[in-house]
Amino acid sequence: MLQQLEKLHAQCFPHKPWCANDFDDLKKSGCDIIASQNGFIIYRVVADEAEIITIGVAPAARRGGIAAAMIEIAAADAKKRGAKKMFLEVARDNAAAIALYSRAGFSEIGVRPKYYDGIDAILMQRQL
Ligand SMILES: CC(C)(COP(=O)(O)OP(=O)(O)OC[C@H]1O[C@@H](n2cnc3c(N)ncnc32)[C@H](O)[C@@H]1OP(=O)(O)O)[C@@H](O)C(=O)NCCC(=O)NCCS
């Protein structure tokens with residue numbers, strides 16, 4: 001399963017692919033991973049806060065609602081476990097992801113200047 005996830009991640013993030021060990025380490029550190037053949041979301045719930053670590057959908061399966069559905073599953077799980085807010089960081093030049101998160105109810109609450117190789121990271125939050 002982790003090797004399949006590794007391939008999917010490389011399709012979504014060709015410039016910074018993660019290896020199977022990276023996913024294993026995330027699981028060991030308390031992250032949850034929801035993955036299917038075409039998509040994955042990794043998130044973490046700590047006390048009353050949740051964070052989306054990353055999300056990806058295979059290029060051929062995009063714009064079919066998979067990412068939006070995975071966010072709702074993660075948000076519902078986090079809420080059930082006591083989280084009141086969900087956070088994430090996204091690169092300012094990632095228009096698709098920003099549109100996805102905005103549509104899912106996230107709004108900008110801060111900026112980390114030049115966080116990703118010179119590109120600003122936008123910090124977004126949603127109530128659960
Ligand atoms: C961002 C990503 C996860 C979206 O996955 P997806 O399954 O295609 O998204 P959805 O189909 O659930 O889209 C839901 C809504 O988000 C918005 N959206 C998603 N992709 C978009 C795009 N390329 N351009 C504009 N809006 C987009 C739309 O409002 C869309 O609703 P609509 O299709 O009814 O208009 C996918 O493009 C991806 O894997 N990108 C590479 C990895 C990445 O950047 N991850 C995010 C890191 S922070």
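What covers the buried residues of α1? In this predicted model, the cover includes α2 (20-28) along with the strands β1, β2 and β3. Helix α1 itself spans residues 2-12, and its buried residues are Leu 2, Leu 5, Leu 8, His 9 and Cys 12. Looking down the axis of α1, these buried residues stay within an arc of 115°, so they line one face of the helix. That fits the usual helix geometry: with 3.6 residues a turn, residues three or four places apart point the same way. On the face turned away from the buried side, α1 carries the exposed residues Gln 3 and Lys 7.

Two of the strands that help cover α1, β1 and β2, also belong together as a hairpin, with 3 residues between them. Strand β1 (residues 32-35) runs antiparallel to β2, and 4 bridges join the pair. One of the residues involved is Ala 35, whose bridge partner in β2 is Phe 40.

Now for the nonpolar interior. In soluble globular proteins, nonpolar side chains tend to be buried together. Here the largest nonpolar core has 24 residues, and those with the most contacts inside it are Ile 41, Ile 71, Met 86, Tyr 101 and Phe 106. Several elements chip in two or more residues each: the strands β2 (39-46), β3 (49-57), β4 (85-91) and β6 (119-127), plus the helices α3 (66-80) and α4 (95-103). The largest share comes from α3, which supplies 6 residues. As for Tyr 101, leaving aside residues up to four places away in sequence, its contacts are Ile 55, Ile 71, Leu 88, Val 90, Phe 106 and Met 124. Apart from this core lies another one, made of 12 residues, among them Cys 31, Ile 33, Phe 40 and Ile 42. Phe 40, then, turns up both in this second core and as the bridge partner of Ala 35.

Lastly, there is Gly 110, found in strand β5 (residues 107-116). Is Gly 110 buried or exposed? Its relative accessibility is 19%, and because the cut-off for buried is under 20%, Gly 110 counts as buried. Beyond residues up to four places away in sequence, Gly 110 touches Ala 121, Ile 122 and Leu 123. Take Leu 123: it sits 13 residues from Gly 110 in sequence, yet the two C-alpha atoms are 5.0 Å apart in space.

How values were computed
Residues numbered from 1 in each chain as written. Predicted model: local features only at pLDDT ≥ 70, side-chain atom pairs only at ≥ 80, totals over all residues. Heavy atoms only, no water. Buried < 20%, exposed > 50% of the residue type's maximum accessible area, 1.4 Å probe, protein only. Contact = heavy atoms within 4.5 Å. Core = buried A, V, L, I, M, F, W, Y, C linked by side-chain atoms within 4.5 Å. Pairing = 2+ DSSP bridges. Arc of directions from axis to C-beta.
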